[in-house]
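Subject: Structure handover and notes

Dear colleague,

I am handing over the structure we spoke about, and I would be grateful if you could read the notes below with the model open beside them.

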Amino acid sequence: MSKNPVHVIGGGLAGSEAAWQIAEAGVPVVLHEMRPVRGTDAHKTDGLAELVCSNSFRSDDAQANAVGLLHAEMRLAGSLIMSAGDAHQVPAGGALAVDRDGFSDAVTAKIEAHPLITVQREEVPGLPPKDWDQAIIATGPLTAPSLAQSIAEATGADALAFFDAIAPIVHFDTIDMNTCWFQSRYDKVGPGGTGKDYINCPMDKEQYLAFVAALLEGQKTEFKQWEGTPYFDGCLPIEVMAERGVETLRYGPMKPMGLTNAHNPTVKAYAVVQLRQDNALGTLYNMVGFQTKLKHADQVRVFRTIPGLESADFARLGGLHRNTYINSPTLLDPSLQLKSRPGLRFAGQITGCEGYVESAAIGLLAGRFAAAERLGQAASLPPSTTAFGALLNHITGGHIVSDDEPGKRSFQPMNVNFGLFPLVEAPKIEGKRLRGKDKTVAKRHAITSRALADCRGWLGLPAPTAQAAE
């Protein structure tokens, strides 16, 4: 068995997870991270797995939500990212949100302490040298220009880019809680939560319309060299949503449904701005869905018109960073390997998945595939019925090429969702015909039950006992 290391380029969530999986399989790893030798426009520290956008891993519901199912599968696979996230969770309703500093510190400590992992702080400016016969590029949406150029030259395919927007963070003690109140939507209780995990800022119709007008009038940061770059719909800047229609925000991040003003229960808010706890101490809250490209001065001016935030002190204002990804269905094989260069894999957001958890999950798979090959084994692909398999299949071939526009690139970044899974029939209940929402819920439960069983089989794990299942 060869003891040559696998090289992993990039110490974000995908790279850290890939390195961990390889080392846990008994194979040595060299993890190359360019920070702090070279910084990025979005990172603030040199910690591994630093979260640069939201601190939320989204829903933790493994029965009825696709990303919650992915959480569960990653836990079964011994994910470092999920164990660190679970250890540093903060209340967030039905979501799993983490203390970003504690999370990054935990991942960094685990990686640096592993006897089979060597961390090298250096920039890898181009494709890995040929003597790195097993390597993973996990440089994420902030891939250095020189490496991105090398990838484009080697593959003959230009990388696409889009903007990822960052939401502002507010100091809790500057929020007026005589105007705002704590409540999760529909009082939902999530991991570590109480059902009162969000701060809610109510708006009447006049305030809402004035706010939308201010968003549209505010000065935006312009990046002329990137004009024409598409936004990802899951992370649209707040003002871009406002441009799509005056009511758009009321049916998006500012929807008032499921919320009752604790200070004035009989009056229904026209719109509501929510803030979610951002650190374990509860001293910082981020503005949910408020990614923005407004210039900093206008952010302060406009966001202080929100009731309850008139005196808000911002620990961080919003911003934009470039996001680069490759045309994975064309370039990669089903094990994430570059078709033109065996042994070189890609992982994380650069492959065209979207989201923290999805990025880490693809890192987990790439790490397992590389470790298997180093150990002289064939890479074992996850079943398509699992969240792992559904996401992997999307990346390596789950898109449709338009016959009407030959040559047009149709592959786009995607979060894991139930639309990526093979169809399943809703279970039949004797004497009852499921319809509408009941049928949807039953189908989701059938998908997730099948997925977890198949994932256990893929990992070689025993079925849970009746007591554990409960």
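The notes that follow go through aromatic pairs, salt bridges, surface charge, backbone angles and a few distances.

Please keep in mind throughout that this is a predicted model, and that every value below was computed from it.

Aromatic pairs

A search of the whole structure gives ten aromatic pairs. One of them joins Phe 57 and Tyr 356 in an edge-to-face arrangement, with 6.0 Å from centre to centre and 65 degrees between the planes. Since Phe 57 belongs to strand E3 (residues 56–59) and Tyr 356 to helix H10 (residues 356–374), the pair ties together parts that are 299 residues apart in sequence. Phe 57 is buried, its relative accessible area being 1%, and Tyr 356 is likewise buried, with a value of 13%; the cut-off for that label is under 20%. Phe 57 and Tyr 356 also belong, together with Phe 103, to one aromatic cluster.

Salt bridges

The count of salt bridges comes to ten. Arg 75 takes part in one with Asp 60, where the N to O distance is 3.1 Å; this pair links distant parts of the chain, with Arg 75 in helix H2 (residues 66–76) and Asp 60 in the loop between E3 and H2, 15 residues apart. Arg 75 also forms a salt bridge with Asp 86, and here the closest N and O atoms are 2.8 Å apart. Because Arg 75 lies in helix H2 and Asp 86 in helix H3 (residues 80–87), that second pair ties together parts that are eleven residues apart in sequence. As for exposure, Arg 75 is partly exposed at a relative accessible area of 32%, and Asp 86 also counts as partly exposed, at 29%.

A further salt bridge is formed by Glu 373 and Arg 345, whose closest N and O atoms are 2.6 Å apart. Glu 373 sits in helix H10 and Arg 345 in strand E16 (residues 344–346), so this pair ties together parts that are 28 residues apart in sequence. Is each partner buried or partly exposed? Glu 373 counts as partly exposed, at 30% relative accessibility, whereas Arg 345 counts as buried, at 0%. In addition, Glu 33, Arg 35 and Glu 50 are joined into one network by salt bridges that share partners.

Surface charge

Which residues gather in a patch of positive charge on the surface? They are Lys 428, Arg 433, Arg 435, Lys 439 and Lys 443. Within this patch, Arg 433 is placed in the loop between helix H11 (387–397) and helix H12 (436–459). Arg 433 counts as exposed because its relative accessibility is 67% and the cut-off for that label is over 50%.

Backbone angles

Two residues deserve a mention for phi. Tyr 186 has a phi near 60 degrees, which is a positive value in a residue other than glycine, and Tyr 186 is located in the loop between strand E10 (181–182) and strand E11 (198–203). Leu 336 has a phi near 70 degrees, again a positive value in a residue other than glycine, and the place of Leu 336 is in the loop between helix H9 (328–331) and E16. Their surroundings can be set side by side: Tyr 186 is exposed, with a relative accessible area of 60%, whereas Leu 336 is buried, with a relative accessible area of 0%.

Distances along the chain

Ala 18, which is found in helix H1 (residues 13–24), counts as buried at 0% relative accessibility. The C-alpha atoms of Ala 18 and Ala 360 are separated by 7.9 Å, although the two residues are 342 residues apart along the chain. Glu 243, for its part, is found in helix H7 (residues 238–243) and is exposed, with a relative accessible area of 52%. Between the C-alpha atoms of Glu 243 and Ala 213, which are 30 residues apart along the chain, the separation is 9.8 Å.

With best regards

How values were computed: Residues numbered from 1 in each chain as written. Predicted model: local features only at pLDDT ≥ 70, side-chain atom pairs only at ≥ 80, totals over all residues. Heavy atoms only, no water. Patch = residues over 30% accessible without salt bridge, like charges linked within 9 Å, V, L, I, M, F, W, Y side chains within 5 Å. Areas by Shrake-Rupley, 256 points an atom, 1.4 Å probe, with all protein chains shown as cover. Salt bridge = Lys/Arg side-chain N within 4 Å of Asp/Glu carboxyl O. Lys, Arg positive; Asp, Glu negative; His and termini not counted. Charge placed at Lys NZ, Arg CZ, Asp CG, Glu CD. Helix = DSSP H or I, 4+ residues; strand = E, 2+ residues; numbered from the N terminus. Buried < 20%, exposed > 50% of the residue type's maximum accessible area, 1.4 Å probe, protein only. Phe/Tyr/Trp six-rings, centres within 6.5 Å; stacked < 30°, edge-to-face > 60°.
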